Number of protein chains: 2
Amino acid sequence: MIASSTGISEVSAIPSSKHKIHQGPVMAIGGAEDKFRDREILSRFAQLAGGPDARIVVIPTASSIESAGERYKAIFLGMGVSEIDIAVIGDRPDANRESTVRMISQATGIFMTGGNQMRLAAILGGTGAMKAILERNAQSAVVAGTSAGASILSAHMVAFGSSGNTPKQRMAQMVAGFGLIPEAIIDQHFRQRDRLGRLMMMVATNPSLLGVGVDEDTAAIFTHDGCLEVLGRNSVTIIDAADAYTDVYRVKRHGGITLSGARIHVLTSGHTFDTASRALVRTPGVFALDGSTGSDIQTV
Amino acid sequence: MIASSTGISEVSAIPSSKHKIHQGPVMAIGGAEDKFRDREILSRFAQLAGGPDARIVVIPTASSIESAGERYKAIFLGMGVSEIDIAVIGDRPDANRESTVRMISQATGIFMTGGNQMRLAAILGGTGAMKAILERNAQSAVVAGTSAGASILSAHMVAFGSSGNTPKQRMAQMVAGFGLIPEAIIDQHFRQRDRLGRLMMMVATNPSLLGVGVDEDTAAIFTHDGCLEVLGRNSVTIIDAADAYTDVYRVKRHGGITLSGARIHVLTSGHTFDTASRALVRTPGVFALDGSTGSDIQTV
């Protein structure tokens with residue numbers, strides 16, 4: 001780090017609009033990721049964790065299926081990772097146990113399975129295990145979650161809700177998640193379970209947060225520079241209500257709400273989105289509809 | 001009309017950004033409109049046609065059900081309209097017959113039933129009957145269509161397509177509609193048949209046109225000032241891709257497409273949208289999310 005002539009170190013030349021919260025990548029996987037063929041998403045996780053040198057901890061707490069942890073362990077072993085532990089956390093004492101915290105604190109990759117995100121919130125919320133996950137991610141470890149494990153990554157988490165394309169009052173209930181992705185509300189199984197309506201309702205009431213809906217077998221990978229990369233077979237849908245108008249505060253009971261002027265982004269694999277500027281990052285070969293080249297995409 | 005001092009007639013003081021195409025209102029109904037209870041949408045049609053003094057022509061050509069015309073005739077009779085004719089148009093010679101054209105030319109309200117919009121396009125397209133509909137609307141008559149009857153109102157019409165929330169290549173096929181609503185692509189049964197994906201795909205390839213998805217038992221009423229009013233039980237969804245970026249021109253076969261930065265508007269009954277400025281019209285009680293009042297909504 002070399003001090004510049006203005007006395008400001010070069011590192012501070014990084015735009016301040018970029019988030020610096022998750023130093024390690026955070027992968028929100030929409031559920032039902034491929035486990036049998038090219039396993040693109042799980043391979044990326046193993047690779048980000050260090051490949052053969054990774055120390056992976058699988059947290060199956062969301063699941064009520066005993067074998068959920070073992071299943072992922074077998075997959076990562078098959079990818080050549082040698083150190084894989086399953087953190088058996090069934091209640092809050094488990095989540096505060098020193099051996100659990102130590103296991104997580106040594107991980108280079110932490111993977112949370114699917115199931116019920118309320119189990120993760122209620123059992124891990126505020127415990128030593130949760131703090132160790134945040135700390136390891138702040139240092140460098142990749143944290144991934146699929147389905148319920150993806151929801152818990154948000155600061156403001158979807159606890160449960162109803163499906164449908166139309167935003168309606170009371171469609172979703174929210175609780176505090178782990179806060180690894182403070183800038184977005186993550187929803188999963190997005191297209192497959194028809195969750196556009198509830199995501200629009202949530203951004204109408206939380207316009208500071210991006211709504212990020214992740215399809216099955218698809219991941220949104222949040223990186224330390226504030227970007228989100230799409231990986232996998234389907235799409236990631238982003239709703240930005242920063243400039244929108246709504247009547248959500250006066251709609252009664254379960255009435256339909258109006259949300260006018262929100263931006264929608266439906267992105268396929270390989271596209272990158274800047275969560276700070278809330279715009280697509282220039283992608284070679286993508287052109288504006290007005291005929292200009294993609295070079296100004298960043299400035300939308 | 002009084003000539004002003006500049007020699008320009010007062011009528012030209014109307015903002016040029018406003019459409020002046022449909023002098024009579026055009027009602028795009030999303031299908032399955034209420035026929036038994038308060039019949040809000042059908043009542044509005046009868047009222048716009050002149051109430052008791054209306055001369056309504058029902059065109060059941062889209063339907064393969066013999067009684068489709070009789071059913072609407074009975075409903076409008078029940079509302080106190082005394083003159084109701086059914087234009088039996090089963091083929092192109094019917095659609096060019098002088099008696100048919102004369103019947104339409106005397107109507108104050110023209111109603112097209114649901115069914116298959118390809119029947120309307122193939123049987124009425126370019127005929128005397130179609131021209132009479134356009135001419136009567138340009139004079140003052142209200143034209144309404146439900147389901148297939150709504151699709152045909154567009155200039156660029158959805159002929160058929162597939163459902164799903166995600167935009168994909170080749171999701172919808174388009175043909176020429178009647179052109180009563182040249183500024184928009186109308187889709188119907190919108191939420192109920194999961195048609196967001198195909199509407200996004202169509203605006204990605206037709207960014208000059210607004211995508212307007214009308215739910216069942218809901219109508220988008222286009223007026224001579226270029227506005228669109230929402231009426232009914234559910235919502236109208238508008239997609240505006242004017243400022244969006246897409247890769248639609250390079251996605252092969254049925255691949256998912258990226259559409260980033262489109263504006264989405266989901267509007268409930270009572271809201272009005274300006275299709276020229278592509279923004280919500282100020283509605284009392286609607287406030288911006290940033291805390292300002294609704295007075296600047298028009299200027300989005």
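These are my notebook entries on what I looked up in a predicted model with chains A and B.

**Entry 1: chain A as a whole**

I began with the secondary structure of chain A, which comes to eight helices and 17 strands. Of the 300 residues of this chain, 56% count as buried, and the accessible surface comes to about 11900 Å², with 51% of that area belonging to carbon and sulfur atoms. I then looked up how the contacts of chain A are spread along the sequence, and found that, among those with a separation of 6 or more, 72% are between residues 24 or more positions apart.

**Entry 2: helix 8 of chain A**

Next I asked which residues of helix 8 of chain A are buried. The list runs through A:Leu196, A:Gly197, A:Arg198, A:Leu199, A:Met200, A:Met201, A:Met202, A:Val203 and A:Ala204. Because nine of the ten residues of this helix (residues 196-205) are buried, I noted helix 8 of chain A as largely enclosed by the rest of the structure.

**Entry 3: A:Ala220**

I turned to a single position, A:Ala220, which is found in strand 10 (residues 218-222) of chain A. Is A:Ala220 buried or exposed? Its relative accessible area is 0%, so A:Ala220 is buried, given that the cut-off for that class is under 20%.

Leaving aside residues up to four places away in sequence, I found that A:Ala220 touches A:Val26, A:Met27 and A:Ala28, as well as A:Val212, A:Val214, A:Leu228, A:Glu229 and A:Val236. I also looked up its distance to A:His271, which is 51 residues apart from A:Ala220 along the chain, and the C-alpha atoms of the two are separated by 10.0 Å.

**Entry 4: helices 4 and 6 of chain A**

For this pair I took the axes first: helix 4 (residues 98-105) and helix 6 (residues 128-139) of chain A come within 9 Å and cross at roughly 15°. Since angles under 35 degrees count as roughly parallel, helix 4 of chain A and helix 6 of chain A are put in that class, and their crossing is right-handed. From helix 4 of chain A the contact draws on A:Thr100, A:Val101, A:Ile104 and A:Ser105, and from helix 6 of chain A on A:Gly128, A:Ala129, A:Ala132, A:Ile133 and A:Arg136. Sorted by class, the contact of these two helices has five nonpolar, three polar and one charged residues.

As a reminder to myself on spacing, an α-helix has 3.6 residues a turn, so residues three or four places apart point the same way.

**Entry 5: helices 4 and 6 of chain B**

I then looked up helix 4 (residues 98-105) and helix 6 (residues 128-139) of chain B, whose axes come within 9 Å and cross at roughly 15°. Helix 4 of chain B and helix 6 of chain B are therefore roughly parallel to each other, with a right-handed crossing. Which residues of the two helices meet? On the side of helix 4 of chain B they are B:Thr100, B:Val101, B:Ile104 and B:Ser105, and these meet B:Gly128, B:Ala129, B:Ala132, B:Ile133 and B:Arg136 in helix 6 of chain B. I recorded the make-up of this contact as five nonpolar, three polar and one charged residues.

**Entry 6: helices 1 and 2 of chain B**

The axes of helix 1 (residues 40-48) and helix 2 (residues 68-78) of chain B come within 10 Å and cross at roughly 70°, which makes helix 1 of chain B roughly perpendicular to helix 2 of chain B. Here B:Leu42, B:Phe45 and B:Ala46 in helix 1 of chain B meet B:Tyr72, B:Ile75 and B:Phe76 in helix 2 of chain B. By class I noted six nonpolar, no polar and no charged residues in this contact.

**Entry 7: loop positions**

Most residues other than glycine have a negative phi. I looked up two residues with a positive value, beginning with A:Arg253, whose phi is near 40°. A:Arg253 is placed in the loop between strand 13 (245-246) and strand 14 (259-268) of chain A, and at 62% relative accessibility it counts as exposed. For B:Asp194 the phi is near 65°, also a positive value; B:Asp194 is found in the loop between strand 8 (184-187) and helix 8 (196-205) of chain B, and is partly exposed at a relative accessible area of 23%.

My last look-up was B:Tyr249, in the loop between strand 13 (245-246) and strand 14 (259-268) of chain B. B:Tyr249 is partly exposed, with a relative accessible area of 47%, and it lies 9.0 Å from B:Gln169, C-alpha to C-alpha, with their places 80 residues apart in sequence as the separation.

Terms used: Residues numbered from 1 in each chain as written. Chains lettered and ligands numbered in written order. Predicted model: local features only at pLDDT ≥ 70, side-chain atom pairs only at ≥ 80, totals over all residues. Heavy atoms only, no water. Buried < 20%, exposed > 50% of the residue type's maximum accessible area, 1.4 Å probe, protein only. Helix = DSSP H or I, 4+ residues; strand = E, 2+ residues; numbered from the N terminus. Contact = heavy atoms within 4.5 Å. Areas by Shrake-Rupley, 256 points an atom, 1.4 Å probe, with all protein chains shown as cover. Axes fitted to C-alpha atoms, helices over the stretch in contact; angles between N-to-C directions. Parallel < 35°, antiparallel > 145°, perpendicular 65-115°, else oblique. Left-handed = near helix turned anticlockwise from the far one by under 90°. Nonpolar A, V, L, I, M, F, W, Y, C, P; charged D, E, K, R; others polar.
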